[in-house]
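Student: I am new to this structure. Please take one part and go through it closely.

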Amino acid sequence: LEVDLSIRNILGKRFLILDGAMGTLLQTYNLKESDWDFKVGCNEILNITRPDIIKGIHLDYLKAGADITKTNSFGALPWVLEEYNLQDKTYEIAKMAAKNAKSAKDEIESVHKCQKYVAGSLGPGTKLASLNQIDFDTMYDGYFLAACGLIDGGVDLILLETFQDPLQIKAALNGCFDAIKYKQKDIPIMISATIELNGSMLIGTDVATLAAILEPFDILTLGLNCGSGPIQVETHLRKLSQNWGGYISIHSNAGLPENIAGKVCYPMDPESFAKAEAKFCDIDGVSIIGGCCGTTPNHIKALQEKIKDLKPKPPKGVSPKALASLYQYEPLFQEPPPFLIGERTNATGSKQFRDLLLKEDYDSILSIAQEQALSGAKALDVSVNFAGRNEEKDMIELISRFNQKISIPLMIDSTQPNTILKALKLIGGRPIINSANLEDGTEKFDKICELAKKFGSALVLLAIDEKGMAKTKERKLEVAYRMLDRALKNGLRKSDLVFDLLTFTVASAEEEYRSAAKDTIDAISELRNTHKEVGAILGISNVSFGLNAQARKYLNSVFLYHAVKNGLSMAIVNPKSLIPYPLINPEDRQICERLIFNDWQE
Ligand code: HCS
């Protein structure tokens, strides 16, 4: 009988032990300059110059009880190897790293008749993308190349470990996924982030926010490693377990690193390390467990002995379906609804913003954005499309600032795939794209869906097709269902999608526009009743376009109230100018309601 021993199938059935440190262990080998060839200090070159030592370490770990051995390729990335002028050897080094580990794995498997796995380790490199120290494309290319080497060398999975910035993770994931596709393999990816003592990644992202950002991606596990030790990481691991619906990995350092006489030391001996890590076995979802810096084959042996009779618990957490900035996440379905999106950084909607953009006064623009967040917006609409400006350039200028400096998630308001792509490459959190539609046929629609899928973004689908904007309820729903179908075929999930069924001003002279507000509300109600997982969004102030400012305030607020009652989950508004429905006097409400429902009968 053929047994499926692939890691996807084994995961969760028993604990899988990941091996321990490579870098800190190599430091104990007293290597001579000749061992490094001429690149002293570059651990990764040892894959080529001293494969015997590297393979020996893998063998020691596998003999100590590790199920998975990590390749010696943590820094096999062009911008890290560049420090040793070895950037041109990225592929070769990664491939040799995989070969060394695979050769150890094959040896152990044939002698002990057991199944072991090789994880191709890739670190984050030395630069933070969210601080603009490195750009997305450079990272993407590096991970693609390194992953190709690892795959050609025979890894069973890829481990992206010690990550400090979700934007690094997205670049690495994109590079690795594309390499796997290019090599036509089925290789799962594990992600492991480093949480600092203050409870967040170096860039400021906590574990729940990270879970929200990575929720859309197809990854084997999400986990934590390095940084501190098993005692300090426990709280964060428990929080991750509550906020992640999949399996979890953990490989801590041998304690919190100490600086003793200028040398970094890891205080935990094998027994105390194993005891501390064994505590993680009762955390829901934890299924891969091992060691990071400071650990040795003896630590892994002690861990294996401690946990060999334990069984992992299934995941019970729920990954947030949310939008996220680097610093916080906001559930897509807010309680109470709706999810308010600030509209004041929209060049079409705000003259003040447009003027500031013309002056390139980015500080004042940041103030507007911050003010929107303070006044209750849970995300920020960023639209820079207007005549005479370069949309792509303006988008880059704003998004790179907002990504770091604005605490709420972002809405990329553009219908141009190139502009959207540029923005996505700068956002560490989980944004929403606004929007795709069928006006120019399916090619552009598919392209935008593909971008949303690749970057794990949510997506607004706007009810416009080749016949134009959908005005009646029937047309709105017909276009919406067609877009839904197509977006699902493009690999998106219902929960990624938010429909804008369009609203027009009730002040229009044309009957078909005037009656559209009611049709919009009815269509939203039917859409949300038929497909509960999708969202519905509207640019609320369109309903009152052309009226005076005071009337607009009332009409927008009453319209929002009714739209939400009928299933609207998101609204693009200026939160500052909304009046709570109960505070509007009944006569004013009635006038607004007559306008909205186009109902003038007594
Ligand atoms: N796998 C790497 C991780 C460093 S944080 C190592 O050196 O053990």
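Tutor: Here is a close look at a pair of helices, followed by two single residues. This is a predicted model, where local features need pLDDT of at least 70, side-chain atom pairs count only at pLDDT 80 or more, and totals for chains, interfaces and linings use all residues. Residues are numbered from 1 along each chain as its sequence is written, and side-chain values use heavy atoms, without hydrogens and water.

Start with helix H6 (residues 90–112) and helix H7 (residues 136–153). Helices here are DSSP runs of H or I, at least four residues, and strands are E runs of at least two, numbered from the N terminus. The axes of H6 and H7 come within 7 Å and cross at roughly 30°. Axes are lines fitted to C-alpha atoms over the stretch in contact, with angles from 0 to 180 degrees between N-to-C directions. Contact means heavy atoms within 4.5 Å. On H6, the contact residues include Thr90, Tyr91 and Lys102. On H7, they include Leu145, Cys148 and Gly153.

Now turn to Ile365, in helix H14 (residues 362–374). Ile365 is buried, with a relative accessible area of 0%. Buried means under 20% (1.4 Å probe, protein chains only). Beyond its neighbours within four places in sequence, Ile365 contacts Phe353, Leu356, Leu357, Leu398 and Phe402. Phe353 lies 12 residues from Ile365 in sequence, and their C-alpha atoms are 6.8 Å apart.

Last comes Asp413, in strand E15 (residues 410–413). Not counting residues up to four places away in sequence, Asp413 touches Asn346, Asp381, Val382, Ser383, Glu391, Met395 and Asn434.

Notes: Buried means under 20% relative accessible area, exposed over 50%, partly exposed in between (1.4 Å probe, protein chains only).
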